[in-house]
Amino acid sequence: MKSVTSFQEMKTRGEKITMLTAYDYPTARAVEKAGADLILVGDSLGMVVLGYENTLQVTMDDIIHHTKAVRRGAKDTFVISDMPYRSFHLDLRTTKENAFRLIIEAGANAVKLEGGSESRLEAIRAIVDCEIPVVAHLGLTPQSVNKFGGYKVQGKSDAASEQLSTMAKRIEEAGAFMVVLEGIPEALGRKISQELTIPTIGIGAGRHTDGQVLVFHDLLGFSDFKPKFVELYENLNTTIPKALETWCNDVREKRFPERKQVYFPEE
Ligand code: KIV
């Protein structure tokens with residue numbers, strides 16, 4: 001299994017890092033089989049798997065339940081669990097306890113948390129001090145949807161760009177070993193990636209980050225979400241219902257089951 005040191009070395013060698021989300025046993029198995037470097041059990045789980053309107057309703061129990069399944073499906077891949085909304089906002093004791101649960105109960109190798117404010121930096125320091133590797137997440141952080149007034153590209157003005165690049169440096173100083181950059185202009189993705197020594201992983205952050213992450217269901221066309229930064233490598237929203245419809249029709253027309261699918265067929 002790759003480790004925090006492997007990802008650092010990959011950045012140094014200029015090798016792109018691949019991260020994909022997975023939420024259950026079969027998706028984890030598929031991602032591991034594909035050879036992705038890291039798996040993220042993201043709180044996008046709430047939207048793509050649980051049908052919530054946004055990620056804010058995802059709970060610690062949701063993430064633990066799904067991380068356990070992912071761990072069983074991908075025993076040899078580095079797994080990061082997202083810290084859900086409210087799990088790292090109250091006080092440092094609760095924050096550390098929640099991070100411990102993701103590592104000890106769920107089997108994750110690291111945790112990820114959104115934001116770069118002073119209190120987020122304190123949370124990062126506290127978790128790292130518990131020997132838990134932390135991935136930070138800056139830019140269009142979905143847990144800030146109400147504050148941002150929607151899912152809007154961040155860091156567009158000079159001032160906003162400067163603020164994000166300063167936050168990124170502070171995050172590195174706080175001890176994060178990696179940072180996800182989401183929904184920012186390409187030039188800012190490049191600047192932060194050049195300024196930091198830790199790897200940057202982009203999603204809608206252009207071509208120059210040290211690696212890329214995509215949501216499993218978006219990449220495979222199995223969600224209702226098709227932002228500019230997603231390329232459909234499959235279209236499961238079409239192929240899966242079509243296969244299921246064919247099965248329903250086969251049952252109705254008595255084409256399924258056939259003799260070969262029957263135990264001790266009568267003739
Ligand atoms: O929850 C998630 O899947 C994420 C990725 C989009 C980076 O945070």
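This briefing walks through the salt bridges, cysteines, strand pairing and one helix of the structure above. The model is a predicted one. Across the whole structure there are twelve salt bridges, while the count of disulfides is zero. Side chains of opposite charge can pair when their charged atoms come close. A good place to begin is the pair formed by Asp210 and Lys11, whose side chains meet in a salt bridge.

**The Asp210 and Lys11 pair**

- In this salt bridge, the N to O distance between Asp210 and Lys11 is 2.8 Å.
- Asp210 sits in the loop between β7 (200-203) and β8 (211-214) and Lys11 in helix α1 (residues 4-13), so this pair links parts of the chain that lie 199 residues apart in sequence.
- Are Asp210 and Lys11 buried or exposed? Both of them are buried.
- For Lys11, the relative accessibility is 15%, and because buried means under 20%, Lys11 falls in that class.
- Setting aside neighbours within four places in sequence, Lys11 is in contact with Ser193, Leu196, Thr197, Ile198, Pro199 and Asp210.

**Other salt bridges**

- Arg101 and Asp61 also form a salt bridge, and their closest N and O atoms are 3.2 Å apart.
- Arg101 belongs to helix α5 (residues 92-104) and Asp61 to helix α4 (residues 60-73), so the pair ties together parts that are 40 residues apart in sequence.
- Arg101 is partly exposed at 22% relative accessibility, whereas Asp61 is exposed at 52%.
- Another salt bridge brings together the side chains of Asp250 and Arg255, at 2.7 Å from N to O.
- Asp250 is partly exposed, with a relative accessible area of 21%, and Arg255 is partly exposed at 45% relative accessibility.
- Glu162, Lys169, Lys191 and Glu195 are joined into one network by salt bridges that share partners.

**Cysteines**

- How many disulfides does a search of the whole structure find? The search finds zero.
- Cys130 counts as buried, at 17% relative accessibility.
- Cys248 is partly exposed, and its relative accessible area is 27%.

**Strand pairing around β8**

- Which strand pairs with β8 over four bridges? That partner is strand β1 (residues 17-21), and the two pair in the parallel sense.
- Within β1 and β8, Thr18 stands opposite Gln212.
- Strand β7 also runs parallel to β8, and two bridges join them.
- Here Ile201 stands opposite Gly211 in β8.
- The loop between β7 and β8 is also where Asp210, the salt-bridge partner of Lys11, is found.

**A look at helix α5**

- Helix α5 has 13 residues and spans 18 Å from its first C-alpha to its last, close to the 18 Å expected at 1.5 Å a residue.
- Which residues of α5 are buried? They are Thr95, Asn98, Ala99 and Leu102.
- Viewed down the axis of α5, these buried residues fall within an arc of 100 degrees, so they line one face of the helix.
- Against what do the buried residues of α5 pack? They pack against α4, β3 (78-82), β4 (110-114) and α6 (118-128).
- On the face of α5 turned away from the buried side are the exposed residues Arg93 and Ile104.
- Helix α4 therefore meets α5 in two ways: the buried residues of α5 pack against α4, and Arg101 of α5 pairs with Asp61 of α4.

Key:
Residues numbered from 1 in each chain as written. Predicted model: local features only at pLDDT ≥ 70, side-chain atom pairs only at ≥ 80, totals over all residues. Heavy atoms only, no water. Salt bridge = Lys/Arg side-chain N within 4 Å of Asp/Glu carboxyl O. Buried < 20%, exposed > 50% of the residue type's maximum accessible area, 1.4 Å probe, protein only. Disulfide = S-S within 2.5 Å. Contact = heavy atoms within 4.5 Å. Pairing = 2+ DSSP bridges. Expected span 1.5 Å × (residues − 1). Arc of directions from axis to C-beta.
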